[in-house]
Amino acid sequence: MKQGSRVGVEYKAILCLLRHTKGIEATKYLLCQSSLSEDTIQLCLDLLTLVLYENYFLAEDTFYIQKYGTAMGSNVTPAYANAFMNHFEISHVFTNDLFICHVLCYHRYIDDIFLVWTGNLDTLLSFHSHLNSILPELQFTIHYNTDSVHFLDTMVLKVLNGGLSTDIYSKPTDCNSLLHYTSCHPRSLKNSLPRSQFNRVARIVSDPGTLNDRLESMAHKFQARCYPSKLLTEEKARTLSPPSPRPPSNAQERIPFVHEFHPLVPKIHFIIRRHWPLLAKAYPNVPTFKEPVLMCNKRAPNIKDKLDGNQGKHRVTKRGPALSNPMFTLVTSEDIAESASHTPIQRCQRDLNDQKMAEAIPTRPAISQQGPDRCSVL
């Protein structure tokens with residue numbers, strides 16, 4: 001790579017081993033930049049501490065608690081990761097001399113980073129080493145190329161005139177996981193998926209000559225999931241046609257009818273709409289009866305919900321083997337009772353004073369594993 005050439009770089013930050021104290025400190029820094037009151041900021045930090053330090057889960061009749069990082073699927077995880085990465089960038093990235101001299105553009109989505117580097121390969125690798133040397137628990141993986149680099153679901157390519165073009169990108173391990181058309185979901189939801197995916201392709205693919213091929217490839221994925229060919233043809237034509245102006249909305253306030261989805265719901269909807277004029281005629285002075293109810297589907301309980309609802313019925317009858325993942329700690333019923341006497345704030349303060357909480361209990365053996373010990377059996 002020559003000096004002055006442009007190279008696309010994709011970074012991936014590994015946050016799974018992030019210590020709670022570092023994340024809470026970064027969140028506090030971000031909240032203090034806002035106009036929130038001190039009481040509100042302290043309440044947010046207390047709630048965040050509760051989420052991080054009280055993350056118990058049950059596996060094979062054994063309770064575990066996560067020591068580092070956040071739980072996958074937690075609502076707080078994206079905002080928590082954004083807060084930490086924002087603090088990390090301000091403290092260590094934007095002030096770096098190599099970043100100031102050689103970064104032409106910089107974009108980040110949570111823990112995925114895309115940038116254009118104008119320096120040579122040695123300066124790029126030196127910048128990468130600098131990032132990985134700041135925090136041992138925060139490591140970045142790097143992918144770079146002078147012609148193309150992928151970022152999330154987008155492939156960024158360098159064209160002949162020196163500009164950039166974009167194309168849709170799928171991982172080599174990607175499988176066709178689109179919702180099957182025979183799945184027990186509202187038909188309106190299934191019929192809307194081709195339009196949303198075709199629009200996504202149209203937004204990403206910048207070359208008009210390539211767009212039709214990418215739309216056809218997406219249509220084949222839907223056909224493999226038993227979507228009607230007529231639906232796919234109509235939505236593809238809609239995507240390629242110029243957008244038409246949206247007519248002004250004259251919708252009135254309607255009464256929502258919220259219910260769990262069932263295959264018989266369309267028949268219920270038909271019956272309600274058929275006899276709704278009787279209600280509107282009987283009460284002409286009620287404005288909300290002029291229009292039929294708005295049918296709203298909500299997700300029915302799935303297997304995960306049913307299993308989670310039964311967790312309280314399980315009893316820990318054996319200690320069981322500890323998980324091999326170093327982010328988790330085995331917890332017994334005695335430990336749960338003991339932790340109840342300490343607030344999450346007190347536990348956070350204890351963690352600040354002694355990062356190795358497991359070593360404070362010499363009578364309980366540590367799990368033997370390769371590398372530094374990050375998991376203890378309680």
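# Close-up views of a predicted protein model

Of the 378 residues of the protein, 32% count as buried, and the reader should keep in mind that the model shown in these views is a predicted one.

**Figure 1. The whole chain, with its 12 helices and 12 strands.** The accessible surface of the protein amounts to about 23900 Å², and carbon and sulfur atoms contribute 57% of that surface. When contacts are counted between residues at least 6 apart in sequence, 67% of them join residues at least 24 apart.

**Figure 2. Confidence along the predicted chain, from strand S12 to helix H6.** The mean pLDDT of the protein is 77, and 74% of its residues reach a value of 70 or more. Confidence is highest in helix H6 (residues 187–204), where the mean is 92, and lowest in strand S12 (residues 328–331), where the mean is 50. Over residues 310–326 the pLDDT stays under 50, and for this stretch the model has 30 contacts beyond four places in sequence. The pLDDT is also below 50 over residues 356–378, a stretch with 42 contacts in the model beyond near neighbours in sequence.

**Figure 3. The salt bridge between Asp167 and Arg214.** The structure holds seven salt bridges, and in this one the side chains of Asp167 and Arg214 meet with a distance of 2.7 Å from N to O. Asp167 belongs to strand S9 (residues 164–168) and Arg214 to helix H7 (residues 208–224), so the pair ties together parts that are 47 residues apart in sequence. Is Asp167 buried or exposed? Asp167 counts as buried, because its relative accessible area is 14%, whereas Arg214, with a relative accessibility of 28%, counts as partly exposed.

**Figure 4. The salt bridge between Asp174 and Lys221.** In this pair the closest N and O atoms are 3.8 Å apart. Asp174 sits in the loop between S9 and H6, while Lys221 is in helix H7, and the pair links these distant parts of the chain, which are 47 residues apart. Asp174 is partly exposed, with a relative accessible area of 44%, and Lys221 is partly exposed as well, with a relative accessible area of 27%.

**Figure 5. The salt bridge between Lys236 and Glu216.** The two side chains meet at 2.4 Å, taken from N to O. Lys236 lies in helix H8 (residues 229–240) and Glu216 in helix H7, and the pair links these distant parts of the chain, which are 20 residues apart. Lys236 is buried, with a relative accessible area of 14%, whereas Glu216 counts as partly exposed, at 30% relative accessibility. Which residues are joined into one network by salt bridges that share partners? They are Arg195, Glu235 and Arg238.

**Figure 6. A nonpolar surface patch made by Leu43, Leu47 and Leu50.** The patch covers about 270 Å². One of its members, Leu50, is found in helix H2 (residues 38–53). Leu50 has a relative accessible area of 40%, and therefore counts as partly exposed; this value fits the rule that patches are made of residues with over 30% relative accessible area.

**Figure 7. The surroundings of Thr70, in the loop between strand S3 (62–66) and helix H3 (77–93).** When its neighbours within four places in sequence are left aside, Thr70 is in contact with Leu52, Thr77 and Tyr80. Thr77 is also the residue whose side chain makes a polar contact with the side chain of Thr70, at 3.1 Å.

**Figure 8. Two loop residues with a positive phi, Asp61 and Ile110.** Most residues other than glycine have a negative phi. Asp61, however, has a phi near 60 degrees, which is a positive value in a residue other than glycine, and its place is in the loop between strand S2 (56–59) and S3. With a relative accessible area of 29%, Asp61 is partly exposed. Ile110 likewise has a positive phi, of about 60 degrees, although it is not a glycine, and Ile110 is found in the loop between strand S4 (103–109) and strand S5 (112–117).

Key: Residues numbered from 1 in each chain as written. Predicted model: local features only at pLDDT ≥ 70, side-chain atom pairs only at ≥ 80, totals over all residues. Heavy atoms only, no water. Patch = residues over 30% accessible without salt bridge, like charges linked within 9 Å, V, L, I, M, F, W, Y side chains within 5 Å. Areas by Shrake-Rupley, 256 points an atom, 1.4 Å probe, with all protein chains shown as cover. Salt bridge = Lys/Arg side-chain N within 4 Å of Asp/Glu carboxyl O. Helix = DSSP H or I, 4+ residues; strand = E, 2+ residues; numbered from the N terminus. Buried < 20%, exposed > 50% of the residue type's maximum accessible area, 1.4 Å probe, protein only. pLDDT = per-residue confidence, 0-100. Contact = heavy atoms within 4.5 Å. Polar contact = N/O pair within 3.5 Å; in protein donor to acceptor, adjacent residues only side chain to side chain.
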